Amino acid sequence: MKIVIVCYPTFGGSGVVATELGLYLSKKGHEIHFITYKQPVRIQNLTPLLHFHEVHVPTYDLFKYQPYELALSSKIVDVVKKFQIALLHVHYAIPHAYAAYMGKKMLEDEGIKIPMITTLHGTDITLVGSHPFYKKAVQFSINHSEYVTAVSQSLKEDTERLFDITSNIQVIPNFIDRDKINFKNVPCEKGQIAPDDQLIITHISNFRPLKRIMDILKTFKKVSEKLNVKLLMVGDGPEKERAMRYCRAQSMEDSVLFLGRSNQIDEILCFSDLFLLPSEQESFGLAALEAMVHGVPVVCSDVGGLPEVIEEGVSGYLCPLGDVDAMANRAIHILEDPERHKRFKRQAYESSKKFDIDKVITHYESLYQKAKENNPT
Ligand code: GMT
């Protein structure tokens, strides 16, 4: 099937999910056309089944805000017509669902009917989308998508609670392509980071306030009073400076390493012993799933979709939001006994299998099929 995927091209979770989905579908013989403002970071080679169409937004001085949605909807119209696209799949409601709806309407004017699937990812609903400035437009575009999916049951419920939703939302969870991780060839060189007897705790995120970066440092500090541990902080974002200041003030600079944005996530997770994710909100927690695939147990907050990903006492622990004592105690419990740690590592890995890409993608493919059959043109 010929499918347009609209997404963000960056490191963020929604962009990663959309890109991996497109890559996998193209390997299965679908013709995928990505439309976004930059080539998605995870796409290296374009092929006859994998296309990228860049949205250009020329700067015009009169505009304080450049009209990306306009350029995006025009690009959607051009690509659909030129490549006889059968379906639009947009990831992240803002502004993609809105722009795609406009594209659809323009195409209808030319006698072309095309179904649209919107996948909701989290902050497009819980943080940004429900803001009164955007709410009406987001609600409108969700309700005018033929099909809507959410990455967790929790996000579906949040969407139904925050908006007046008239469409049925199908839950299709995020996934992981285990085959893409070359476990044998990933150099697991902990030696460069820490001595053998030191345990590694890792956090990966965009360091936005909702990730509660200070909870990570406070939890780690408590764990370090009991165990020989090092903390790896991977990523970049607004809370990083504050976090670094805290580490200086607490003389934690030797035990907390800020690694910045990294393309070597598999390499880092390979020697990690525990993953911390104390977020205020997390529709799914793709970073936690990536950790689990590497056999890294997760200690996280009991919010959003995290309980759908982390099995309490099996792949890790879910703690009350903001309770750094509970998180530290759970982390110590997992790490202090090598046999128990090994068991958690094995269970985290096993538990991640539920989200294998081939199991999840069939749900998207069935939806595509249904959309195609129900589209009269
Ligand atoms: O919060 C992030 O890390 C980025 C954000 C995004 O918009 O890409 O992630 C959201 O989508 C991911 C992919 O579906 C989910 O795994 C994240 O849980 C979700 N983030 C939040 O809900 C805060």
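Is Lys113 buried, partly exposed or exposed? Lys113 is partly exposed, at a relative accessible area of 42%; the term covers values between buried (under 20%) and exposed (over 50%), computed with a 1.4 Å probe and protein chains only.

The legends below describe a predicted model, in which local features need pLDDT of at least 70 and side-chain atom pairs count only at pLDDT 80 or more, while totals for chains, interfaces and linings use all residues. Residues are numbered from 1 along each chain as its sequence is written, and side-chain values use heavy atoms, with hydrogens and water left out.

**Figure 1. Overall view of the protein.** The secondary structure consists of 14 helices and 13 strands; helices (H or I, at least four residues) and strands (E, at least two) are DSSP runs numbered from the N terminus. The C-alpha trace spans about 70 × 45 × 35 Å along its principal axes. The radius of gyration of the protein is 22 Å, which agrees with the value near 21 Å for a compact globule of 377 residues. This radius is taken over C-alpha atoms, and the globule rule is 2.2 Å times the number of residues to the power 0.38. Of the 377 residues, 55% are buried.

**Figure 2. The residues around the ligand.** The ligand is surrounded by 18 residues, of which Ser14, His121, Asn174, Glu282 and Ser283 come nearest; a residue is near a molecule if one of its heavy atoms lies within 4 Å of it. By class, this shell holds five nonpolar, 11 polar and two charged residues. Ala, Val, Leu, Ile, Met, Phe, Trp, Tyr, Cys and Pro count as nonpolar, Asp, Glu, Lys and Arg as charged, and the others, Gly among them, as polar. Domain 1 (2–175 + 357–374) and domain 2 (179–355) each supply at least three residues of the shell, the domain bounds coming from an automatic or database domain assignment.

**Figure 3. Oxygen atoms of the ligand and their polar partners.** A polar side-chain atom of His121 is 2.7 Å from a ligand oxygen atom. From Ser283, a backbone N or O atom lies 2.8 Å from an oxygen atom of the ligand. A polar backbone atom of Phe284 is 3.1 Å from an oxygen atom of the ligand. On its own the ligand has 480 Å² of accessible area, and the protein covers 91% of this area; accessible areas come from the Shrake-Rupley method with a 1.4 Å probe.

**Figure 4. The surroundings of Arg178.** Arg178 belongs to the loop between β7 (169–171) and β8 (199–205). With a relative accessible area of 12%, Arg178 is buried. Its side chain makes polar contacts with the side chains of Tyr349 (3.5 Å) and Ser352 (3.0 Å). A polar contact is a pair of N or O atoms within 3.5 Å; within protein, one must be able to donate a hydrogen and the other to accept it, and residues adjacent in sequence count only if both atoms are side-chain atoms.

**Figure 5. Thr119 in strand β5.** Thr119 is found in strand β5 (residues 116–120). Thr119 is buried, its relative accessible area being 0%. The side chains of Thr119 and Thr149 make a polar contact (2.7 Å).

**Figure 6. Two lysines and their distances to other residues.** Lys113 is placed in the loop between α3 (93–109) and β5. The C-alpha atoms of Lys113 and Asn375 are separated by 7.3 Å, although these positions lie 262 residues apart in chain numbering. Lys345 is part of helix α13 (residues 338–352) and counts as partly exposed at 23% relative accessibility. From C-alpha to C-alpha, Lys345 and Thr362 are 28 Å apart in space and 17 residues apart in sequence.
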